[in-house]
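Reader: I'd love a close look at one part of this model, a single residue and its setting, and then a short tour of what lies beyond. Could you walk me through that?

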Amino acid sequence: MTTVNLRPAGYGIVRAGRASFLLHRRSALVAVGLLLLLAAASVAYLCVGERFVGPTEVVRILLGQPSPSTFVVEELREPRLVVALAVGAAFGIAGALIQTVARNPLASPDIIGISQGAGAVTVAAMTFGLTSYTVLPYLSIAGGVLAAALVYVFAWRGGLHATRFVLIGIGFAIALRSLTTLFMTKGDYLVAQQAQIWMTGSLNGRGWDESAPIRWTLLLMLPAVLWAARAQRTVSLDDDTATALGVRLGGVRLGLVAVGVVLASVATGVAGPVDFVALLAPQIARRMTRTAQIPLLCSALTGAAVVVLADLLGRRLLSPVELPVGVLTAAVGAPYLIWLIVRSRTASAGGKA
Amino acid sequence: MSRLTARELTLAYEDRTVVHELDLAIPDGKVTVIVGPNACGKSTTLRALGRLLKPAGGAVLLDGEELAKLPTKRIARSIGLLPQTPVAPEAITVADLVSRGRQPHQAWWKQWSEEDERAVSDAMERTDVAALADRSVDALSGGQRQRVWIAMALAQETDLLLLDEPTTYLDISHQVEVLDLVRRLNRLRGRTVVLVLHDLNQAARYADHLVAMKAGRVVAEGPPGEIVTEELVRDVFGLTSVVVPDPVTGSPLVVPGAPWRPDTEEDGEPEPDASLSKPLRG
């Protein structure tokens, strides 16, 4: 395997046998940086809690050495960390794909109705007495996929129109949110409270069993995500140019949306609609990598980092009271995104939408 | 011989028919220019020739096969097309954009080859944008940007190249530059080129084969020297003009009638010539 620097500028080429892959060099560096950040955040996450466990101790436990803190770290904190990582990565990828297809940085699963669809079905199930976190995710997935399918069908007019897609999605989001509110007022007080927490996005009480759907989905979707990372490149051009270059736009877009919707729905099913992660992570990642399209891997890593840091804060900020992770994701991501936008304002010329 | 032909081609947007049963054969190895007044269906026809628009009736044939039935990627290896107003992703660099022209020759496991490298460098040199390689497309002037887009279409390395008004937004020297580039490609590389142009005189200068359209139908086609006459200009554009030989190329040069003058209205009877003179856009 060799790496040669040719055109297009900023890319390196990775060869393996007869295959060759383009690698954006800055993205690769950003990804390495994010991985380091994520590793540090994860260790911190495992250290902090009601009882502090030192970082060296945590690393030793992770390497399988016996320790008196093994139970706290491996049985209590690690499962929840894994959920945080998986949910963050899934939201990051989902947001990136939906923003790419909608050609709109404001489009994300929590804006165009996917989270609301998942929410409506989940809250409905809760009102009817279904409260098990091993069953709810599947209902939530069904709700999200169904909502997305409806939005897609209604936005279709001899082809997918990006603006229509976003507007119809927003319409559905509002309608579904009302439906959710209706269910919550119908249900009894305790159910409404549980639903309210779920709707903010919470990782509380999520263990290995609860995270099984998201872990399996991420694993099974891996080939699709690898395909999407390449396919994204072509749909970032305008429709005519992309078609002229031999891209089957209809199919590619449907594929990208499908991958995004499944990931967003499953993540919502596990943790609830954790606000802003899908919206913020891709935009932060893109500004760091400075690529023409939204970088998928970096979006996933950014999403994971935001959720892990937000949950770490949520657990400790008002300790012993735990804040749901959704309350803090925006607080973690938004200032950084605003800073990136302000910093780049002088650099970008022209007011392109 | 014609690899690309249209047979009884009818084109419509929603239920408004724009082109009616058009028969057209694009001569191989030549520069074909389609001209006509605004809304005559010339760009629509070009879009259909490049499968951007599905025919409402009839068909476009590539090597005798219906375009609508061919895989789009296979078409993209034979037909390159530059739309009228292409949109680049935000903050993309010149080299990155040009390299996307290689899309139809690549696959998931074959994202970059020596052939890609050669084609992209070649296209960038040919269009004189190699020096801009690392610049952001957003930051370029209109002329530079157009050359970058043409470079992208060239990097596709297709035998047929369709360009929709490639000279719009360019000043006259850049217009000439683009048209000369097109001709060079045609003469040295044997590429078949189809252009939609607004400027009748440029069309007459650069076309081997001129197609004049009006209201969705072909009014006349052939070498410009044979078909561009005062009658044709009046018929197609509704413009009174004088057609003289171009002092440089000898191709027909359309000179519109005298412009409006205040004294023509003092008699209360404006000269018919002047009132008909609408400037050509271009």
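Author: Happy to! Let's start with Pro37(B), which sits in the loop of chain B that runs between strand S3 (31-35) and helix H1 (42-49). Please keep in mind that this is a predicted model. Is Pro37(B) buried or exposed? Pro37(B) counts as partly exposed because 18 other C-beta atoms lie within 10 Å, and a buried residue would need 20 or more. Once neighbours within four places in sequence are set aside, the contacts of Pro37(B) are Lys214(B), Val236(B) and Phe237(B). Ala215(B) makes a nice example of how the fold brings remote stretches of sequence together: Pro37(B) and Ala215(B) are 178 residues apart in the chain, yet their C-alpha atoms are 8.5 Å apart in space.

Now over to chain A and its helix H6 (residues 162-186). With 25 residues at 1.5 Å a residue, H6(A) should span 36 Å, and its end C-alpha atoms are indeed 36 Å apart, so the two values agree. The buried residues of H6(A) include Phe165(A), Ile168(A), Phe172(A), Leu176(A) and Phe183(A). What do the buried residues of H6(A) pack against? Their partners are helix H3 (70-102), helix H4 (114-127) and helix H5 (136-155) of chain A.

Finally, the two chains meet in a contact that takes 31 residues from chain A and 37 residues from chain B. On the chain A side, strand S3 (19-24), helix H8 (208-235) and helix H9 (239-244) are the elements that each give two or more residues. Sorted by class, that side has 14 nonpolar, ten polar and seven charged residues.

Notes
Residues are numbered from 1 along each chain as its sequence is written. Chains are lettered from A and ligands numbered from 1 in the order in which they are written. This is a predicted model: local features need pLDDT of at least 70, side-chain atom pairs count only at pLDDT 80 or more; totals for chains, interfaces and linings use all residues. Helices (H or I, at least four residues) and strands (E, at least two) are DSSP runs, numbered from the N terminus. A residue is buried if 20 or more other C-beta atoms lie within 10 Å of its own, exposed if 12 or fewer, and partly exposed in between; C-beta atoms are placed from the backbone. Two residues are in contact if their C-beta atoms, placed from the backbone, lie within 7 Å. The expected span of a helix is 1.5 Å times one less than its number of residues. Ala, Val, Leu, Ile, Met, Phe, Trp, Tyr, Cys and Pro count as nonpolar, Asp, Glu, Lys and Arg as charged, and the others, Gly among them, as polar.
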